[in-house]
Amino acid sequence: MVAERGQNGERLVILTGAGMSADSGVPTFRAADGLWEGHRVEDIATPEAFVRDPALVHAFYDARRAYLDAVAPNAGHLALARLEREWPGDFLLVTQNVDDLHERAGSTRLIHMHGELKRGWCLACDDRFAWSGTMGEGALCPSCATCDEVRPDIVWFGEMPYQMDRIDEALRGCDLFVSIGTSGAVYPAAGFVQTARYVGAHCLELNLDPSQGSIFFDETRLGRASELVPAWVEKLLA
Ligand code: APR
């Protein structure tokens, strides 16, 4: 089976979602009540929400950024970093997660398609920069020194995810596509499997529950990412 073969030169694209970090204690987005920690998506994760109530949006993301200090990469993140180091072919890790657990585990060939909690974006000068600690209203841009115009560098609903050209190129050339811990509810990431399938890649899903796009995968393995991912990587590299 291709999902376990690991041939020399095989091109691998991995997509991760909130389920990847769940075993580290980072809450996933789509809880049974459909709320993000008590908030409706449109109240905190849209450009309109930021214009309407910047204090609420900043408070939400400031809390999530602060929470990163209390969590650590799990065995799944570590296994993907090992896979990147040892995989003989092309490798690209695309994450929808805005936490920094993949890079703290050692991943480098990594795209944060939905942005990063630890980065800011100044709407006055359009510069993007590393950010730690609270942002809040009135944050000072380190590039142009404007106050009040810095927002989290997070891709909100209605905005274009980052590096889509590079991701699309990798998907069109991949032999193996693996989706880990994502509900398949949000496009364009939810459509990656269809591109990979179209070019004949083997498509494997590792998730707690079957995702919304489960039928497009050649194979679905159900369980926790911190257990499924290390086991899959071990076999792939064997
Ligand atoms: N191991 C593996 N999978 C898990 C685990 C776990 N321990 N816990 C939960 N899951 C699975 C769930 O079954 C679900 O299918 O992870 C998935 C998480 O789904 P979502 O909360 O919808 O997260 P995600 O798919 O990453 O959301 C995509 O939507 O809200 C936006 O921008 C946000 O990046 C996010 C995007």
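**Notebook: a sheet, a helix and two annotated sites**

I began with strand β4 (residues 115-122), which is joined to β6 by five bridges, the two strands running antiparallel. I kept in mind throughout that this is a predicted model. To have one concrete pair to look for, I picked out Gly115, whose bridge partner in β6 is Ile154.

I then looked up the sheet as a whole and found that it is open and made of three strands, in the order β5-β4-β6, with antiparallel pairing. Its edge strands are β5 (128-130) and β6 (150-154), each of which pairs on one side only. On average, and with direction ignored, neighbouring strands of this sheet are turned by 45° against each other.

Next I asked myself which helix packs on the sheet. I found that helix α4 (residues 54-67) does so, touching β4 and β6, and that its direction makes about 55° with that of β6.

I turned to the annotations, and noted that an unreviewed UniProt entry lists Tyr61 and Arg64 under "binding site". Both Tyr61 and Arg64 belong to the lining of the largest pocket. I placed Tyr61 in helix α4, and I did likewise for Arg64, which also has its place in helix α4.

Are Tyr61 and Arg64 buried or exposed? Tyr61 counts as buried because its relative accessibility is 4%, below the cut-off of 20%. Arg64 has a relative accessible area of 11%, and so it is buried as well.

I also listed contacts, leaving out residues up to four places away in sequence. Tyr61 touches Trp36, Ile44, Ala45, Leu117, Pro152, Ile154 and Trp156, and I recognised Ile154 as the bridge partner of Gly115. For Arg64 the contacts are Val26, Pro27, Phe29, Glu37 and Leu117.

My last entry concerns the cysteines, since the UniProt annotation "binding site", again from an unreviewed entry, covers Cys122, Cys125, Cys141, Cys144 and Cys147. They span 26 residues in sequence, yet no two of their C-alpha atoms are more than 11.2 Å apart, and therefore they gather at one spot.

I looked at two of them in detail. Cys144 lies in the loop between β5 and β6, and it counts as partly exposed because its relative accessibility is 32%. Beyond its neighbours within four places in sequence, Cys144 is in contact with Cys122, Ala124 and Cys125. Cys147 is placed in the loop between β5 and β6, and at 42% relative accessibility it counts as partly exposed. With neighbours within four places again set aside, Cys147 is in contact with Gly138, Ala139 and Leu140.

Conventions. Residues numbered from 1 in each chain as written. Predicted model: local features only at pLDDT ≥ 70, side-chain atom pairs only at ≥ 80, totals over all residues. Heavy atoms only, no water. Pairing = 2+ DSSP bridges. Helix = DSSP H or I, 4+ residues; strand = E, 2+ residues; numbered from the N terminus. Axes fitted to C-alpha atoms, helices over the stretch in contact; angles between N-to-C directions. Contact = heavy atoms within 4.5 Å. UniProt positions renumbered as here; feature names shortened; annotations may be inferred. 1 Å grid on protein atoms, 1.4 Å probe; cavity = no way out; pocket = protein on both sides within 12 Å on 5 of 7 lines; lining within 4 Å. Buried < 20%, exposed > 50% of the residue type's maximum accessible area, 1.4 Å probe, protein only.
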